[in-house]
Amino acid sequence: DFSITNFRKDLSYGKKHEKLVMKSRMDYELKTDRLAHKTGNVFVEFESRGKASGIATTKAEYWSINLYYNDKFEANITVETEKLRKMVMVKDKYRRVCGGDDDTAKGFLVPIVDFFK
């Protein structure tokens, strides 16, 4: 049964959580992946130009990956950074590859489906 009371409650709940997202937007590490639609994987950087970077050093609470296809935004995956860090740091679980600008970064190839396990 949908009533004006339920609508007001849902609206209040939605606004509260929208404010939390906006307030915490600085707590996100935002990445873009343009090849995930071809490979089925996302690149999670841990080193750049010989120094620890990305998932190894971020202080962000959330790791957020925008997925693009033909230069158009298609989807977003957001996960708690600590959860992702624990997921990728398991020895030999994910293949390590070079990537990023001029292949100067190193990262893990994480299957998209693994974010939903």
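Q: In which strand is the place of lysine 31?
A: In this predicted model, the protein has 3 helices and 7 strands, and they follow the pattern α-β-α-β-β-β-β-α-β-β when read along the sequence. Lysine 31 belongs to the strand that covers residues 28-33, which is strand 1.

Q: Is lysine 31 buried or partly exposed?
A: Buried means a relative accessible area under 20%, and exposed means over 50%, with partly exposed in between. The relative accessible area of lysine 31 is 24%, so this residue counts as partly exposed.

Q: With which residue does the side chain of lysine 31 make a polar contact?
A: Lysine 31 touches Trp63, Ser64, Ile65 and Asn66, when residues up to four places away in sequence are not counted. A salt bridge also involves lysine 31, with the closest N and O atoms 3.1 Å apart, and its partner there, at 22% relative accessibility, is partly exposed. The side chain that makes the polar contact with lysine 31, at 3.1 Å, is that of glutamate 29.

Q: Which side chain does a polar contact of 2.8 Å join to that of asparagine 66?
A: Asparagine 66 lies in strand 4, which covers residues 62-69, and with 13% relative accessibility it counts as buried. Leaving out residues up to four places away in sequence, asparagine 66 touches Leu30, Lys31, Thr32, Asp33, Phe73, Ala75 and Asn76. The polar contact of 2.8 Å runs between the side chain of asparagine 66 and that of asparagine 76.

Q: How many Å apart in space are lysine 31 and asparagine 76, C-alpha to C-alpha?
A: Asparagine 66 touches both Lys31 and Asn76, and these two residues are 45 residues apart in sequence. From C-alpha to C-alpha, the distance in space between lysine 31 and asparagine 76 is 9.6 Å.

Q: What is the order of the strands in the open sheet of 4 strands?
A: Strands of a sheet pair through backbone hydrogen bonds, either parallel or antiparallel. In this open sheet the pairing is antiparallel, and the edge strands, each pairing on one side only, are strand 3 (51-52) and strand 6 (96-99). The order of the strands is 3-2-7-6.

Q: Which residue in strand 3 is the bridge partner of glutamate 47?
A: Strand 2, made of residues 41-48, runs antiparallel to strand 3, and 2 bridges join them. The partner that glutamate 47 has in strand 3 is alanine 52.

Q: With which residue does glutamate 47 form a salt bridge?
A: Side chains of opposite charge can pair when their charged atoms come close. For glutamate 47, which is partly exposed at 21% relative accessibility, the closest N and O atoms of the salt bridge are 3.6 Å apart. The pair links distant parts of the chain, with glutamate 47 in strand 2 and its partner in strand 7 (residues 105-111), 59 residues apart. That partner, partly exposed with a relative accessible area of 36%, is lysine 106.

Q: In which helix do arginine 85 and glutamate 82 both lie?
A: The structure holds 4 salt bridges, and one of them is formed by arginine 85 and glutamate 82, with the closest N and O atoms 2.3 Å apart. Arginine 85 is buried at a relative accessible area of 18%, whereas glutamate 82 is partly exposed at 42%. The two residues are 3 residues apart, about one turn of the helix, and the helix that holds both, residues 81-88, is helix 3.

Q: What is the angle between the planes of tyrosine 28 and tyrosine 62?
A: A search of the whole structure finds 3 aromatic pairs, among them the stacked pair of tyrosine 28 and tyrosine 62, whose centres are 5.0 Å apart. This pair links distant parts of the chain, since tyrosine 28 is in strand 1 and tyrosine 62 in strand 4, 34 residues apart. Tyrosine 28 is partly exposed at 27% relative accessibility, and tyrosine 62 is partly exposed at 21%. The angle between their planes is 25°.

Q: How many residues apart in sequence are the parts that phenylalanine 46 and phenylalanine 108 tie together?
A: Phenylalanine 46 and phenylalanine 108 form a tilted aromatic pair, 4.7 Å centre to centre and with 35° between the planes. Phenylalanine 46 is buried with a relative accessible area of 11%, and phenylalanine 108 is buried with 2%. Because phenylalanine 46 lies in strand 2 and phenylalanine 108 in strand 7, the pair ties together parts whose separation in sequence is 62 residues.

How values were computed: Residues numbered from 1 in each chain as written. Predicted model: local features only at pLDDT ≥ 70, side-chain atom pairs only at ≥ 80, totals over all residues. Heavy atoms only, no water. Pairing = 2+ DSSP bridges. Salt bridge = Lys/Arg side-chain N within 4 Å of Asp/Glu carboxyl O. Buried < 20%, exposed > 50% of the residue type's maximum accessible area, 1.4 Å probe, protein only. Contact = heavy atoms within 4.5 Å. Polar contact = N/O pair within 3.5 Å; in protein donor to acceptor, adjacent residues only side chain to side chain. Phe/Tyr/Trp six-rings, centres within 6.5 Å; stacked < 30°, edge-to-face > 60°.
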